[in-house]
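Me: I'd like to learn how to read a few features in a structure like this one. Could you walk me through some of them?

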Amino acid sequence: MSESIYDEIEIDDFTFDPVTHLLQYPCPCGDKFAIALEDLEDGEDIAVCPSCSLMVRVIFDEDDLEQFKEQLE
Amino acid sequence: MFLILACGSNGNFQLGNGSDEDLNYLQNVHFVDDVTIHGKPMKIAGGGNHTLILFEDGQVYSAGSNEYGQLGIDPVISKSSPRFAPILGKWKDVACGWEFLVLLDTEGIAWSCGLGTKGELGIGDGIRQANKPTKVSIPDGLTFEIVRCGVFLTIARTLNGQLYGWGVCRKGQLGIQPKLSNGKPRASIWSPEKLETPLDYVTRFEMGRECTYIEGKDNLVYQLGTEITKVEMSPQIQHVDQIETMWSSIHFRSSNTIVSQGNNSHGQLLNDTPEDPLVCMATGSEHGLVLTQLNKVYAWGWGEHGNCGRHENNNDDDSDNQDPVTYSKLNLIYDDIHKVIAIGGGCATSWVVIEK
């Protein structure tokens with residue numbers, strides 16, 4: 001399904017919510033692409049939108065995840 | 001009298017038609033005060049889940065999500081407005097970002113409200129939210145003529161063609177940024193700063209999601225990003241009549257020709273020609289609209305929420321390669337007798353203003 005990847009977004013552009021553990025980024029439909037921190041740790045890199053078929057690939061290195069882990073209690 | 005028609009994504013009432021169902025055909029929008037519109041709508045600005053309409057007499061109406069105060073009305077009253085409600089005051093320009101709005105008053109002072117976690121409001125260091133229009137921190141005596149918002153930033157232009165911006169700037173969208181102690185470029189600007197550009201006078205400017213395009217008096221277009229580059233214009237573009245951006249592409253119109261550059265994941269780069277000459281084009285987040293001289297409006301690009309109308313010309317031939325969310329050819333969305341006076345696009349929303 002590589003043709004359904006709409007775009008690639010750097011992890012620094014995502015917003016992290018330490019309560020839900022979700023990284024989110026605006027979708028052109030008005031909703032938000034989301035992926036859980038744990039999924040990124042497992043090597044997943046596709047963030048999905050709950051309201052439409054669009055998906056984005058998250059561009060990140062393993063090291064980039066530290067800043068988010070530090071925000072978790 | 002004027003009527004405003006809309007279709008597309010509507011999960012937070014951003015079409016202002018009283019419903020939160022997506023629409024794949026144009027329908028009238030509604031106003032809380034039940035006015036038959038007496039003024040001429042001049043501009044429609046779409047944010048992530050909210051919409052503003054500016055009228056000729058300076059009135060502004062908003063509809064959609066008010067979760068963070070982005071409608072410019074008191075969110076204590078309501079977290080959303082399913083119909084268009086008036087914002088107090090008289091305004092000369094309006095713009096919407098993802099979850100915020102910016103208004104220019106008749107004196108040219110900028111006001112903003114909503115949520116901006118990366119400086120989008122421009123009302124001071126670290127101030128992320130405002131529930132009602134709040135004065136942007138502008139140096140004394142500085143006034144603006146026009147204002148535009150990208151997804152996460154705002155740029156306003158002065159009478160003498162200078163640009164001031166605030167919001168997200170990590171990728172050079174507001175000009176080349178100084179490096180921080182961690183070696184990364186500065187990420188946010190919380191109060192307006194002058195953009196350093198190669199142009200003495202900026203005639204037009206448009207923002208994509210990750211870069212800004214500016215045009216000078218000589219018709220040269222520059223892209224502001226991680227570096228500042230001159231945009232190589234296609235030989236098909238003799239004179240740029242219009243520049244419009246989707247989130248991940250740019251579109252130049254020269255008379256009846258549109259040349260697109262950028263992301264083409266869902267047919268965003270126009271590869272079709274209408275049967276009659278163009279009057280104008282408009283763009284939304286990932287789709288576009290054109291108005292033709294025969295008073296028809298067509299849409300193209302990503303149309304998953306009905307913002308490009310319905311696939312009419314399938315001939316029931318449901319072949320496997322028919323992608324139901326991509327409109328790679330121009331799709332007719334308005335073909336009625338009433339004169340179209342304006343078109344506009346938001347986040348998967350389409351807008352047509354008609355005179356009846």
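Me: Which side chain meets Arg186(B) in a salt bridge?

Reply: Happy to help, and one thing to keep in mind throughout is that this is a predicted model. The general idea comes first: side chains of opposite charge can pair when their charged atoms come close. Here, the partner of Arg186(B) is Glu193(B), with 2.9 Å from N to O. Glu193(B) counts as partly exposed because its relative accessibility is 31%, and partly exposed covers the range between the buried limit of 20% and the exposed limit of 50%.

Me: How many salt bridges are there over all chains?

Reply: The count comes to 18 over all chains. Another of them is formed by the side chains of Glu206(B) and Arg148(B), at 2.8 Å from N to O. This pair links distant parts of the chain, 58 residues apart: Glu206(B) belongs to strand 15 (residues 202-207) of chain B, and Arg148(B) to strand 11 (residues 146-149) of chain B.

Me: Is Glu206(B) buried or exposed?

Reply: Glu206(B) counts as buried, because its relative accessibility is 14%. Its partner Arg148(B) has a relative accessible area of 27%, so Arg148(B) is partly exposed.

Me: Which residue of chain B forms a salt bridge with Glu10(A)?

Reply: That residue is Arg170(B), and the closest N and O atoms are 3.2 Å apart. The pair crosses between chains: Glu10(A) sits in strand 1 (residues 5-10) of chain A, while Arg170(B) sits in the loop between strand 13 (163-168) and strand 14 (188-194) of chain B. Glu10(A) is partly exposed because its relative accessibility is 35%.

Me: Which residues do salt bridges with shared partners join into one network?

Reply: When you look at a salt bridge, check the partners of each residue too. In this case the network takes in Glu10(A), Asp12(A) and Asp13(A), together with Arg170(B), Lys171(B), Lys184(B) and Glu210(B).

Me: Now for charges outside salt bridges. Which residues form a negative surface patch?

Reply: A patch like this is built from residues that have no salt bridge and over 30% relative accessible area. The members here are Glu38(A), Asp39(A), Asp42(A) and Glu44(A). Asp42(A) is in the loop between helix 1 (37-41) and strand 5 (46-48) of chain A, and Asp42(A) counts as exposed because its relative accessible area is 65%. Asp39(A) lies in helix 1 of chain A and is partly exposed because its relative accessibility is 34%.

Me: Let's turn to strands. How many residues of strand 19 of chain B are buried?

Reply: Five of its five residues, which run from 242 to 246, are buried. It helps to take the faces one by one. Gln242(B), Glu244(B) and Met246(B) are on one side, Ile243(B) and Thr245(B) are on the other, and both faces are covered.

Me: Which strand is joined to strand 19 of chain B by five bridges?

Reply: Strand 20 (residues 249-254) of chain B, and the two run antiparallel. They form a hairpin with two residues between them. To follow the pairing in detail, start from Glu244(B), whose bridge partner in strand 20 is His251(B).

Me: One last try at burial. Where does Ser81(B) lie?

Reply: Ser81(B) is in strand 6 (residues 80-87) of chain B. Its relative accessible area is 6%, so Ser81(B) is buried. From C-alpha to C-alpha, Ser81(B) and Val32(B) are 8.9 Å apart in space, with their positions 49 residues apart in sequence given as the separation.

Methods: Residues numbered from 1 in each chain as written. Chains lettered and ligands numbered in written order. Predicted model: local features only at pLDDT ≥ 70, side-chain atom pairs only at ≥ 80, totals over all residues. Heavy atoms only, no water. Patch = residues over 30% accessible without salt bridge, like charges linked within 9 Å, V, L, I, M, F, W, Y side chains within 5 Å. Areas by Shrake-Rupley, 256 points an atom, 1.4 Å probe, with all protein chains shown as cover. Salt bridge = Lys/Arg side-chain N within 4 Å of Asp/Glu carboxyl O. Lys, Arg positive; Asp, Glu negative; His and termini not counted. Charge placed at Lys NZ, Arg CZ, Asp CG, Glu CD. Helix = DSSP H or I, 4+ residues; strand = E, 2+ residues; numbered from the N terminus. Buried < 20%, exposed > 50% of the residue type's maximum accessible area, 1.4 Å probe, protein only. Pairing = 2+ DSSP bridges.
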